[in-house]
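Q: Please take a close look at one part of this model. Pick a strand and follow its pairing.

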Amino acid sequence: MMTTMKNIPLVLMGCGGVGRQLLQHIVYCRSLHAKLGIHLRVVGVCDSKSLVVASDVLTKELNDNFLSEICRVKVDGSSLLKLGGLGECQVFMNSELKEKLVDVASVMGKSTGLAVVDCSASSETVEVLTRVVELGCCIVLANKKPLTSTMEDYYKLVSHPRRIRHESTVGAGLPVIASLNRILLSGDLIHRIIGSLSGTLGYVMSEVEDGKPLSQVVRAARSLGYTEPDPRDDLSGMDVARKALILARLLGRRINMDSIKIESLYPEEMSPNVMSVEDFLSTGISLIDNDIRERVRKASLNGNVLRYVCMIEGSRCEVGIQELPKNSALGRLRGSDNVLEISSRCYNEQPLVIQGAGAGNDTTAAGVLADILDIQDLFS
């Protein structure tokens with residue numbers, strides 16, 4: 001029996017590691033999706049400076065060879081304008097980019113539907129996302145920044161719960177958001193969430209537990225590609241704080257970033273606007289070694305270990321180093337895995353524990369792809 005193919009048109013914002021990996025997943029999964037009667041029709045891709053759109057978004061798409069070419073061009077940071085075969089596409093630059101995205105959403109929101117996928121790391125996509133939601137489109141986010149913007153923007157983004165998915169904003173591809181939504185929809189009361197939600201800081205804390213100096217661990221993590229080029233982006237705790245804010249808002253807390261108590265692993269006098277990354281790595285970070293070593297020693301005397309966690313309990317939402325029992329799920333954590341413990345009325349004596357790889361372009365992009373397929377019922 002012939003089944004009609006369900007088309008899901010999508011526009012991708014962001015061609016960094018996650019965005020490129022998503023395009024590769026889409027191409028690789030063509031035969032699997034065809035068996036399921038689904039076709040992901042990529043009608044546009046943009047980076048921070050330019051947007052490439054199919055010549056007719058209602059009937060055409062960017063073919064798989066073109067998508068592979070995008071990945072090849074963007075892997076070394078080149079512009080989308082370097083692509084061959086642009087003659088069959090429409091190209092929009094800078095100031096035109098946002099308006100054209102909204103135009104495409106306006107046309108497709110009323111007809112075929114459209115999924116706008118944000119795999120960027122930009123705080124500037126929120127304006128486009130709020131507008132496309134109002135135009136009837138779906139949004140799928142790996143980018144945390146839109147959901148950690150103002151409460152006004154947040155409410156606009158989540159105003160149509162069926163039309164937003166953002167599993168990959170917390171824990172890469174782990175089922176964190178879906179699990180929390182299921183618990184909340186069942187009427188179960190969540191008392192506490194505690195989690196290690198940074199692969200980088202998880203790795204750092206488990207290595208210093210073995211007696212290695214913090215400075216040595218951070219330098220090694222940077223050379224392995226575990227940290228950002230400036231490790232202070234990870235050590236500041238801001239990335240974990242964004243994840244904590246997303247979870248707190250999901251639980252109904254009406255809070256902003258300034259409501260979260262954030263412990264940075266380095267002092268103010270070593271911040272990026274005061275000290276260069278070279279100075280921080282060569283001399284600055286070594287000055288913190290003794291303090292961390294002493295905290296590890298004291299925790300060990302109590303039979304505990306140090307973990308960098310987010311904690312949401314009652315009105316309390318904080319991010320920083322906590323002393324935890326060695327035999328707890330978080331205490332047993334090694335390497336760069338993420339762990340989240342959810343305590344509720346139902347999961348009281350034994351919290352619900354979600355654990356696994358919580359970082360990496362591959363797992364994050366897989367989570368985004370699953371989110372896109374999760375909204376397939378909204379497309380004809």
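A: **Strand E10 and its partners**

Strand E10 (residues 304-313) is largely enclosed by the rest of the structure, because nine of its ten residues are buried. Buried means under 20% relative accessible area, with exposed over 50% and partly exposed in between (1.4 Å probe, protein chains only). Strands (E, at least two residues) and helices (H or I, at least four) are DSSP runs, numbered from the N terminus.

This is a predicted model: local features need pLDDT of at least 70, side-chain atom pairs count only at pLDDT 80 or more, and totals for chains, interfaces and linings use all residues. Residues are numbered from 1 along each chain as its sequence is written, and side-chain values use heavy atoms, with hydrogens and water left out.

Start with strand E8 (residues 190-196). E8 pairs with E10 in the antiparallel sense, over four bridges. Two strands pair if DSSP finds at least two bridges between them. Arg192 has Glu313 in E10 as its bridge partner.

Now take strand E11 (residues 316-325). E10 and E11 are also paired in the antiparallel sense, over ten bridges. Asn304 stands opposite Pro325 in E11. E10 and E11 form a hairpin with two residues between the strands. In that hairpin, Gly314 takes a positive phi near 60°.

To recap, E10 pairs with E8 over four bridges and with E11 over ten bridges. Nine of the ten residues of E10 are buried.
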